Amino acid sequence: MDLPDLFTYLDHRAFLRDWYEAKKAANPRFSHRAFVRRTGQRSPSLLRDVMEGRRNLTPATTEAFCHAMRLDEEQSAFFTALVELDGATTSAEKTRAWEQIAATRRFREAR
């Protein structure tokens, strides 16, 4: 199964959509509900709501998503930085998140 390369994304929601579509293509029985069960969360619509921008990820749900997607440490840090960039409300927060993203060797190589 070919999963999308996280390091080519600047939008965690786009990555989640593409990741879900790849999983669904590989296993038609894979569902939003199955994914949310992996995260330990209760809302069966959580993944869909996040992908469609109706809900944001918290630090705890970000960690749960990383675990459920089986991201390694570097991927988890990058995904977390993407979530932080999206949720940043001040220029300092945006700058800090962007610096984390730009410092990732695999991101630079993908670009």
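**A walk around helix 5 and the salt bridges**

Let's start with Q75, which sits in helix 5. Keep in mind as we go that this is a predicted model. Is Q75 buried or exposed? With a relative accessible area of 18%, Q75 falls under the 20% cut-off, so it counts as buried. Setting aside neighbours within four places in sequence, Q75 is in contact with L6, F7, R70 and R106.

Now zoom out to the helix that carries Q75. Helix 5 covers residues 73–87, which makes 15 residues. From first C-alpha to last, helix 5 reaches 21 Å, close to the 21 Å expected at 1.5 Å a residue. Have a look at the start of helix 5 as well: there, a side-chain oxygen of D72 comes to within 3.1 Å of the backbone nitrogen of E74.

Which residues of helix 5 are buried? Q75 is on the list, together with S76, F78, F79, A81, L82 and V83. And what do the buried residues of helix 5 pack against? Their partners are helix 1 (12–26), helix 4 (59–68), helix 6 (91–102) and helix 7 (105–110).

Helix 5 also has a part in the next topic, the salt bridges. How many does a search of the whole structure find? The count is 3. One of them joins the side chains of D86 and R13, at 3.1 Å from N to O. This pair ties together distant parts of the chain, since D86 belongs to helix 5 and R13 to helix 1, 73 residues apart. The two ends sit in unlike surroundings: D86 has a relative accessible area of 40% and is partly exposed, whereas R13, at 10%, counts as buried.

For the rest of the story, move along to R54. The side chain of R54 meets that of D49 in a salt bridge of 2.7 Å, N to O. R54 also pairs with E52, again side chain to side chain, and here the N to O distance is 2.4 Å. Put those together and you get a network of salt bridges linking D49, E52 and R54. What about the accessibility of the two acidic partners? D49 has 12% relative accessibility, so it counts as buried, while E52, at 46%, is partly exposed.

If you're turning the model on screen, try going back to Q75 in helix 5, then follow the helix along to D86 and across to R13 in helix 1. After that, hop over to the network of D49, E52 and R54.

Technical notes:
Residues are numbered from 1 along each chain as its sequence is written. This is a predicted model: local features need pLDDT of at least 70, side-chain atom pairs count only at pLDDT 80 or more; totals for chains, interfaces and linings use all residues. Side-chain values use heavy atoms; hydrogens and water are left out. Helices (H or I, at least four residues) and strands (E, at least two) are DSSP runs, numbered from the N terminus. The expected span of a helix is 1.5 Å times one less than its number of residues. Buried means under 20% relative accessible area, exposed over 50%, partly exposed in between (1.4 Å probe, protein chains only). Contact means heavy atoms within 4.5 Å. A polar contact is a pair of N or O atoms within 3.5 Å; within protein, one must be able to donate a hydrogen and the other to accept it, and residues adjacent in sequence count only if both atoms are side-chain atoms. A salt bridge is a side-chain nitrogen of Lys or Arg within 4 Å of a carboxyl oxygen of Asp or Glu.
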